[in-house]
Amino acid sequence: MGMKRPRMGVKKAGIAALCCAALLLASAGGAAAQLVTVKSSGASCGNAADATVLAANKNRTMLGLVNDSDTVMYFAFGEAAVSGKGLRLAASGGAVLYDARVPVGAVHCITAGAAKNVSIHEGSK
C-alpha cells in the first residue's frame with residue numbers, strides 16, 4: 001500500500017486564471033507592490049532534441065507552462081532538457097505555475113516525437 005502522489009499542475013483552462021490571481025495577490029501589497037507585465041506566447045517544444053522555448057529573464061516574477069500537446073514534455077531551466085529528467089508535464093493540459101521561487105534561467109523543453117506546442121505565460125517587473 002503506497003501513498004498517493006499529489007497531483008501536479010492544473011487544468012489547461014485554469015492556468016490563465018491562476019496567472020491573473022497571482023498578479024492580483026502581488027499587487028495587493030499596497031505601495032510596496034511593483035507593477036508586473038504578463039506576456040503569453042506559444043512555442044514549439046523539441047523534436048526529440050532540446051529546444052529553448054523562453055530566453056532567460058532576471059526580472060521574471062511568474063512563469064506558467066501548459067502542455068498543449070498529446071505527448072509528455074520535460075523541461076529544464078538554465079540547461080538543456082533531457083527526456084525523462086527535470087520537470088515533467090503530462091499530455092493534454094499538464095501545467096505548472098511558478099509564483100514563488102521563480103526560475104529565471106532560459107526554459108528548455110524536449111518531447112519524444114515530433115515537435116509539439118507549449119503555452120507560456122511570463123510575468124516580469
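A salt bridge is a side-chain nitrogen of Lys or Arg within 4 Å of a carboxyl oxygen of Asp or Glu. This tour visits such contacts, together with the strands that carry them, in a predicted model.

**Stop 1: strand E8**

Select residues 116-124, which form strand E8. Seven of the nine residues in this strand are buried, and E8 is thus described as mostly covered. Next, add residues 37-47, the strand E1. E1 and E8 run antiparallel and are joined by nine bridges. Within this pairing, Cys45 can be found opposite Lys116 of E8. Then add strand E3, residues 60-67. E3 also runs antiparallel to E8, with seven bridges between them. Here Gly64 faces His121 of E8 as its opposite residue.

**Stop 2: Glu122 and its partners**

Show the side chains of Glu122 and Lys39, which form a salt bridge with an N to O distance of 3.9 Å. Glu122 belongs to strand E8 and Lys39 to strand E1, so this contact links parts of the chain that lie 83 residues apart. Is Glu122 buried or exposed? Its relative accessible area is 4%; because buried means under 20%, Glu122 is buried. Lys39, by contrast, has a relative accessible area of 49% and is partly exposed.

Now display Arg60, whose side chain meets that of Glu122 in a salt bridge of 2.7 Å, N to O. Since Arg60 lies in strand E3 and Glu122 in strand E8, the pair ties together parts 62 residues apart in sequence. Arg60 has 4% relative accessibility and therefore counts as buried.

**Stop 3: Lys116 and Asp70**

Return to Lys116 in strand E8 and select Asp70 as well; their side chains meet in a salt bridge at 2.8 Å, N to O. Asp70 lies in the loop between E3 and strand E4 (73-77), 46 residues from Lys116. With 56% relative accessibility, Asp70 counts as exposed.

How many salt bridges does the structure hold? The total is three. Selecting Lys39, Arg60 and Glu122 together shows one network, joined by salt bridges that share partners.

**Stop 4: two loop residues**

Move to Ala48, in the loop between E1 and strand E2 (51-54). Ala48 is not a glycine, yet its phi is positive, at about 60°. Its relative accessibility of 51% makes Ala48 exposed, because the exposed class begins over 50%.

Finally, select Arg101 in the loop between strand E6 (95-98) and strand E7 (107-111). Arg101 also has a positive phi, near 55°, in a residue other than glycine. The relative accessible area of Arg101 is 83%, and this residue is exposed.

Conventions: Residues numbered from 1 in each chain as written. Predicted model: local features only at pLDDT ≥ 70, side-chain atom pairs only at ≥ 80, totals over all residues. Heavy atoms only, no water. Buried < 20%, exposed > 50% of the residue type's maximum accessible area, 1.4 Å probe, protein only. Helix = DSSP H or I, 4+ residues; strand = E, 2+ residues; numbered from the N terminus. Pairing = 2+ DSSP bridges.
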